[in-house]
Amino acid sequence: MQSGPRLVGAENELDFLDRQSVTLARSLSALEAWGMIMTQPMPLMQLAFRIRDAVASKFGVKRVGGFSGRVPEQVEVGQKLDFFLVEEVSPQALVLTERDRHLDVMTCISVDGRDISITSSVKTHNWFGRLYMIPVRPVHKRIVARNLKALQASVA
């Protein structure tokens, strides 16, 4: 793994970058942390994804369907976790991407001892990608903060 969390591009070329961390009561692997977050879905997330898919598909963006709440015990590079492609997996890092003609998204769950970080980076390619990120930017930060807080509360 490279030093620090992976980003979808050079930091100075990103259109969105968010890094958030918490310290847990015990250590988890990156995949375990992702699994615990994904099995505790936020209320209204499925509705938000249905709305996103309905609107975005009219502009040629593929439907993603949201999160299933199912996370396998093991994954390999090249597999999918819901709509994300697994680009890297180790106990210390899980790197997930979704790339299309409008934007590239990378989420990196990284572990350092009991510290868990989620770093999300986005590089837009056109006006639709930039427009898409206007509502996503503030909402994404709140969702990640809530997910990390819930993870921290659930790990005893």
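User: Which side chain meets that of Glu87 in a salt bridge, at 3.2 Å?
Analyst: Arg6 does, with the 3.2 Å taken from N to O. The two belong to distant parts of the chain: Glu87 is in strand β3, Arg6 is in the segment before β1, and their positions lie 81 residues apart. Here's the general idea: side chains of opposite charge can pair when their charged atoms come close. To count as a salt bridge, a side-chain nitrogen of Lys or Arg must be within 4 Å of a carboxyl oxygen of Asp or Glu.

User: Before we go on, what kind of model is this?
Analyst: It's a predicted model, so local features need pLDDT of at least 70 and side-chain atom pairs count only at pLDDT 80 or more, while totals for chains, interfaces and linings use all residues. Residues are numbered from 1 along each chain as its sequence is written, and side-chain values use heavy atoms, with hydrogens and water left out.

User: How many salt bridges does the structure hold?
Analyst: Six. One of them joins the side chains of Arg99 and Glu87 at 3.0 Å, N to O. This pair links strand β4, where Arg99 sits, with strand β3, where Glu87 sits, and the two are twelve residues apart. Put the links together and you get a network of salt bridges holding Arg6, Glu87, Glu88, Arg99 and Asp104.

User: Where are the partners in the 3.9 Å salt bridge of Lys123 and Glu13?
Analyst: Lys123 is in strand β6 and Glu13 is in the segment before β1, 110 residues apart. Both are partly exposed: Lys123 has a relative accessible area of 25%, and Glu13 has 42%. On that scale, buried means under 20%, exposed means over 50%, and partly exposed falls in between (1.4 Å probe, protein chains only).

User: You keep saying helix and strand. How many of each does the chain have?
Analyst: Three helices and six strands. Both are DSSP runs numbered from the N terminus: helices are H or I with at least four residues, strands are E with at least two. Along the sequence the pattern reads β-α-α-β-β-β-β-β-α.

User: Is α1 mostly covered or mostly open?
Analyst: Mostly covered, with seven of its nine residues buried. Those are Ala30, Leu31, Ala33, Trp34, Gly35, Ile37 and Met38. Their cover includes strands β2, β3, β4, β5 and β6 as well as helix α3. In the chain as a whole, buried residues make up 44% of the 156.

User: What about a charged residue that is buried: how far is Asp18 from the nearest side chain of opposite charge?
Analyst: That side chain is Lys141, 4.8 Å away, and Asp18 has no salt bridge. For the charges, Lys and Arg count as positive and Asp and Glu as negative; His and the chain ends are not counted. Asp18 lies in strand β1 (residues 16-23), and a polar contact of 2.7 Å joins its side chain to that of Gln20. A polar contact is a pair of N or O atoms within 3.5 Å; within protein, one must be able to donate a hydrogen and the other to accept it, and residues adjacent in sequence count only if both atoms are side-chain atoms.

User: Which residues does Asp18 touch, beyond those up to four places away in sequence?
Analyst: Touching, or contact, means heavy atoms within 4.5 Å. Asp18 touches Ile118, Thr119, Ser120, His140, Lys141 and Val144. Look at Ser120 in strand β6: Ser120 and Asp18 are 102 residues apart in sequence, yet 5.3 Å apart in space, C-alpha to C-alpha. Ser120 is buried at 3%, and its side chain makes a polar contact of 3.4 Å with the side chain of His140.

User: How many aromatic pairs does a search of the whole structure find?
Analyst: Three. In one, Trp127 and Phe128 are edge-to-face, 5.9 Å centre to centre with 90 degrees between the planes. In another, Phe128 and Tyr132 are tilted, at 6.4 Å and 35 degrees. Rings of Phe, Tyr and Trp (its six-membered ring) pair if their centres lie within 6.5 Å; planes under 30 degrees apart are stacked, over 60 edge-to-face, the rest tilted. Phe128 and Tyr132 are four residues apart in helix α3, which means about one helical turn separates them. The ring pairs link Trp127, Phe128 and Tyr132 into a cluster.

User: Within that cluster, is Trp127 buried or exposed?
Analyst: Trp127 is exposed at 54%, Phe128 is buried at 8%, and Tyr132 is partly exposed at 23%.
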